[in-house]
Amino acid sequence: MPGPSPGLHRALLGLWAALGLGLFGLSVVAQEPFWADLQPRVALVERGGSLWLNCSTNCPRPERGGLETSLRRNGTQRGLRWLARQLVDIREPETQPVCFFRCARRTLQARGLIRTFQRPDRVELVPLPAWQPVGENFTLSCRVPGAGPRGSLTLTLLRGARELIRRSFSGEPPRARGAVLTATVLARREDHRANFSCRAELDLRPHGLGLFENSSAPRELRTFALPPEPPRLAAPRLLEVGSEGPVSCAMDGLFPASEAEVYLALGDQRLSPDVTLEGDALMATATATASAEQEGARQLVCNVTLGGESRETQENVTVYTAVPGQPAQLQLNATENDDRRGFFCDATLEVDGETLRKNESAELRVLYAPRLDDSDCPRSWTWPEGPEQTLRCEARGNPEPSVHCARPDGGAVLALGLLGPVTRALAGTYHCTATNVQGQAVKDVTLTVEYAPALDSVGCPERITWLEGTEASLSCVAHGVPPPNVNCVRSGEARVVEGTLRVVREHAGTYRCEATNARGSAAKNVAVTVEYGPSFEEVSCPSNWTWVEGSGQLFSCEVDGKPEPSVECIGSGGTSEGALLPLAPPDPGPRAPQIPRELAPGTYICNATNQHGSVVKMVTVSAESPPQMDESTCPSHQTWLEGADAAALACSARGRPSPQVLCSREGAPRPQRLRVSRQDAGIYRCLATNAHGTDARIVTVGVEYRPVVAELAASPPGGVRPGGNFTLTCRAEAWPPAQISWRAPPGALNIGLSSNNSTLSVAGAMGSHGGEYECAATNAHGRHTRRITVRVAGPWLWVAVSGAAGGAALLAAGAGLAFYVQSTACKKGEYNVQEAESSGEAVCLNGAGAGAGGGGGAEGATEAAGTAEAPAGGEVFAIQLTSA
């Protein structure tokens, strides 16, 4: 019996595929759950803010949909299965918007939750009392209106920066807003002038927002202590008109005593007290003056006020007037001897039952003009400088004359009668004048002050500079009384330096100058410096110099000369033209020149200059450097190709003189071969060396090689029955890894590939799956193929169809589908991967062509790498499906 034609075969195959896909699609539709979604589901928005809500469904064609909410809306955007709406000016503490869609006679709903929060913008602390008694309680009350949600709110009462009480309102309902915190506090002395405040914290960090804080304005508390006892008042009981009497008022136990106010008054006359404080005690003193209008009994009042409370004490004072009687007189003739003679007068008076006694005494003064005697005011003084002396020039007279001694030129003035040091500035002639109201006397006085010699910087400078080749003399002038004698001797010598010298640099050194007179001597060292022009020495400034890069070396060019010359070396040609040679400072310090990274070799002209001349020297500089390797001269990763001629590593080094580079393999040494082997891969260490050092670099060598299909096997081996399953596995060795592709027999459909194409599988084998399969491995270095033949033994098709109804229709539909798949997708070799994932087209491997059939058996035939050709029936395609 002849078998079915290839066209009918493919039509029946398409029929079963369409039937399977249709049943699978109906199952998916029947089980598809439809839903509505609202995003965000839960939102926390600042009061008065706005929010976009997105309402969506997975219903393919919803009949209608919308968003129910009592909030104001600003704009709406719609699509087939979604709508987005902006809600504005959200002020309600809590709302629940509803997203709904009508789908397949059902209403799909999603309910959301929007809550608002309000920052603690107003934090109010209730005003404190103006004054608070120490030891009594007062109330602190804090209000935060509108802030919320209250469950996220914490209030803290503070004294300065210290917390007094802290309360969290966690657990309050979400709609609760605003909070009040009240505390009772005992007033203490240390609370005086203390600032109290309230801090509010709205912690929305658990909801993905921040921590919002605010504090009230601070309020100052003033505490006080005022004892119940009245102040103590002390004053005279009797007070004569026109006289003054002391008044005092004292009180203890005041706090703060500095802020207490004291009121003192005698009758209607308010006194101005002086208040002194000592701890908690207060003392107010004043002077009461009696006037004629106050004559009689008057009240003396002392009132102390603190913290709005007062304590008062009163005393009686009698103001009286003494009526003058007949005067008592005594007459006498005054002489000089009566001067300072005393006289006494006594009187009594009875006031308010009390006898008062008053007395007065007086001293007789006899006036006469001044006299200056030599015994009281000598004409000349000679004193040594230093010891304290009392300069006396006294005059006789009454009233006692004032004596003033000053230099006629308006210079120094003698401090007469005072003990003080004698200084040379006092020496000179003074004009002394004694004066009183009766007349004056005049006298000239000479003061001589003797002192030891002194050598100052003006007459004898500490440092003297001479110029070599000139004439100079060493002279020092000393100050002293009597005039001193001065001699100068060079250190280490005994001869006194006198006269004019012809200066040479050997004259430099230290000289000791000594001045002597009757009062002592003084000595001083004088440093003489001899300056001269600059000069170069080969030892200190060599003519030839080699600079090594990275050595940290600066060119040393020291020049002899005083003052120290400035040196500059400038390139005079070639690459060094105009370049500056870095010079090492004579005294290395933190400001030493920076060491150069590069230095141009060549000829430099060094010029040394000071104020006495200049000198020039030629310096030749050569530059060398230690070895250096980097990625450009010795790449850290190098690749060889297996089978190529053996070659050394591509490594070189920079440096002067030219470095020698040697590379060796770490671990096992590399065998000597004519061609590269994959065993040559590994880690190599390259070492560059010259006279100035070494540099090492690690190089990783990778060996790439052409692909080889090492294994091509079938499972199960030997063949497969119709309707059975089989798998072909292809394993290749290559570096870089090879790409695997397959060529299948013409007409072989429903072929599946693994993610890396290494496995080809067939489920439900048919006769068209029998034949030769070819696996090709390809990388950048070549291509290699192997072939294997698969046999499909037994009947060509097993088909089980239950029921006869609709058979012809299914047959026609399957034939049409098979024809479309073969003529369209498999001819073009083009696939839409996302569509193919669910359509079954992805298993097609371009079976449109009529490829040559393979031989019998399940053995594979290997083809040389790089020589396999595509079958004549057309190109081979491999498709890898990925998830959408």
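Me: What relative accessible area does Thr-448 have in this model?
Reply: Bear in mind that the model is predicted. Buried means under 20% relative accessible area and exposed means over 50%, with partly exposed in between (1.4 Å probe, protein chains only). Thr-448 counts as partly exposed, because its relative accessible area is 31%.

Me: How confident is the predictor on average, as a pLDDT?
Reply: pLDDT is the predictor's confidence in each residue, from 0 to 100. In this predicted model, local features need pLDDT of at least 70 and side-chain atom pairs count only at pLDDT 80 or more, while totals for chains, interfaces and linings use all residues. Residues are numbered from 1 along each chain as its sequence is written, and side-chain values use heavy atoms, leaving out hydrogens and water. In this protein, 85% of the residues score at least 70, and the average pLDDT is 82.

Me: Which residues near the start of the numbering have pLDDT under 50, and how many contacts beyond four places in sequence does the model have for them?
Reply: Where pLDDT is low, the predicted coordinates should not be read in detail. A contact means heavy atoms within 4.5 Å. The stretch is residues 1-31, and the model's count of contacts beyond four places in sequence there is 30.

Me: Back to Thr-448: what does it touch, leaving aside residues up to four places away in sequence?
Reply: Thr-448 sits in strand β39, residues 439-454; strands are DSSP runs of E with at least two residues, numbered from the N terminus. Its C-alpha atom is 6.1 Å from that of Trp-381, although the two are 67 residues apart along the chain. Leaving aside those up to four places away, the residues it touches are Trp-381, Thr-382 and Trp-383.

Me: Is Thr-95 buried or exposed?
Reply: Thr-95 belongs to strand β7, residues 94-95. Its contacts beyond four places in sequence include Ser-70 and Gly-112. Since its relative accessibility is 7%, Thr-95 counts as buried.

Me: In β6, which residue is the bridge partner of Arg-78?
Reply: Strands pair if DSSP finds at least two bridges between them. β5 (72-78) and β6 (82-90) pair in the antiparallel sense over six bridges, and a hairpin of three residues joins β5 to β6. In β6, the partner of Arg-78 is Leu-83.

Me: How far is the backbone oxygen of Ile-740 from a polar atom of the Asn-757 side chain?
Reply: Asn-757 lies in the loop between β59 and β60. With 11% relative accessibility, Asn-757 counts as buried. From a polar atom of its side chain to the backbone oxygen of Ile-740, the distance is 3.2 Å.

Terms used. Helices (H or I, at least four residues) and strands (E, at least two) are DSSP runs, numbered from the N terminus. A polar contact is a pair of N or O atoms within 3.5 Å; within protein, one must be able to donate a hydrogen and the other to accept it, and residues adjacent in sequence count only if both atoms are side-chain atoms.
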